[in-house]
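This briefing covers strand pairing, nonpolar cores and salt bridges. Please consult the sequence and the structure shown here while reading.

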Amino acid sequence: MNLKLSPCLGGKIMNDYGFYITHLLLKGEGKPDSTLEFENGLNVISGASNTGKTFIFECINFVLGAQDKPKKIYESDGYTEVLLEIRTRQKKTLTIKRNLTDSKMYYYNCAIKDINRNA
């Protein structure tokens with residue numbers, strides 16, 4: 001039996017689906033925003049041991065629904081929110097926010113910079 005896989009789904013090409021991360025932001029009262037920007041495609045985070053690479057991954061994982069909060073590191077003291085900006089393949093920008101204190105999640109149908117304007 002031969003099966004043919006179609007690159008289409010409901011009339012749309014599969015490349016129209018999915019997303020990529022554009023921005024990771026940590027916020028805390030009295031703290032400067034800590035931010036990391038990503039580009040479409042491969043992004044490499046490199047550095048020496050104990051410089052925060054795993055913490056970045058844990059923050060992304062947490063915002064996307066992981067049960068475990070990122071492990072505390074010295075540099076994270078005072079930060080209470082993690083925001084993740086996502087761009088869909090259909091050119092829509094959205095933001096997910098999760099509190100590091102109570103793990104509550106929030107969804108915004110806009111970029112991080114536009115959250116206060118739309119709140």
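Within strand β4, Thr35 is the bridge partner of Leu25. Strands here are DSSP runs of E with at least two residues, helices are DSSP runs of H or I with at least four, and both are numbered from the N terminus. The model is predicted, so local features need pLDDT of at least 70 and side-chain atom pairs count only at pLDDT 80 or more, while totals for chains, interfaces and linings use all residues. Residues are numbered from 1 along each chain as its sequence is written, and side-chain values use heavy atoms, with hydrogens and water left out.

**Strand pairing around β3**

- Strand β4 (residues 34-37) runs antiparallel to β3, and four bridges join the two; strands count as paired if DSSP finds at least two bridges between them.
- β3 and β4 form a hairpin with six residues between them. Gly30, in the turn, has a positive phi of about 75 degrees.
- β3 also pairs with β5 in the antiparallel sense, over eight bridges. One of the bridge partners is Glu81 in β5, which is matched with Lys27.
- Seven of the nine residues of β3 are buried, and the strand is mostly covered. Buried means under 20% relative accessible area, exposed over 50%, and partly exposed in between, with a 1.4 Å probe and protein chains only.

**Nonpolar cores**

- The largest nonpolar core has 17 residues. A nonpolar core is a set of buried Ala, Val, Leu, Ile, Met, Phe, Trp, Tyr and Cys residues joined through side-chain atoms within 4.5 Å.
- Two or more residues of this core come from each of β3 (19-27), α1, β5 and β6. Helix α1 gives the most, with six residues.
- Leu24, Leu26, Cys59, Ile60, Val82 and Leu84 have the most contacts inside the largest core.
- A second, separate core of six residues includes Leu25, Tyr108, Ile112 and Ile115.
- Leu26 touches Asp33, Ser34, Phe55, Cys59, Tyr79, Glu81 and Val82, not counting residues up to four places away in sequence. Contact means heavy atoms within 4.5 Å.
- In soluble globular proteins, nonpolar side chains tend to be buried together.

**Salt bridges**

- A search of the whole structure finds four salt bridges, each defined as a side-chain nitrogen of Lys or Arg within 4 Å of a carboxyl oxygen of Asp or Glu.
- Asp33 and Lys27 form one of them, with the closest N and O atoms 3.2 Å apart. Asp33 is partly exposed at 46% relative accessible area, and Lys27 is partly exposed at 28%.
- Glu58 and Lys71 meet through their side chains at 3.8 Å, N to O. Glu58 lies in helix α1 (residues 53-63) and Lys71 in the loop between α1 and β5 (81-88), so this pair ties together parts that are 13 residues apart in sequence. Glu58 is buried at 16%, whereas Lys71 is exposed at 60%.
- Lys97 pairs with Glu81, the closest N and O atoms being 3.4 Å apart. Because Lys97 lies in strand β6 (residues 93-99) and Glu81 in strand β5, the salt bridge ties together parts that are 16 residues apart in sequence. Lys97 is buried, at 12% relative accessibility.

**Asn99 in β6**

- Asn99 is found in strand β6 and is buried, with a relative accessible area of 9%.
- Outside the residues up to four places away in sequence, Asn99 touches Phe62, Thr80, Glu81, Lys104 and Tyr106.
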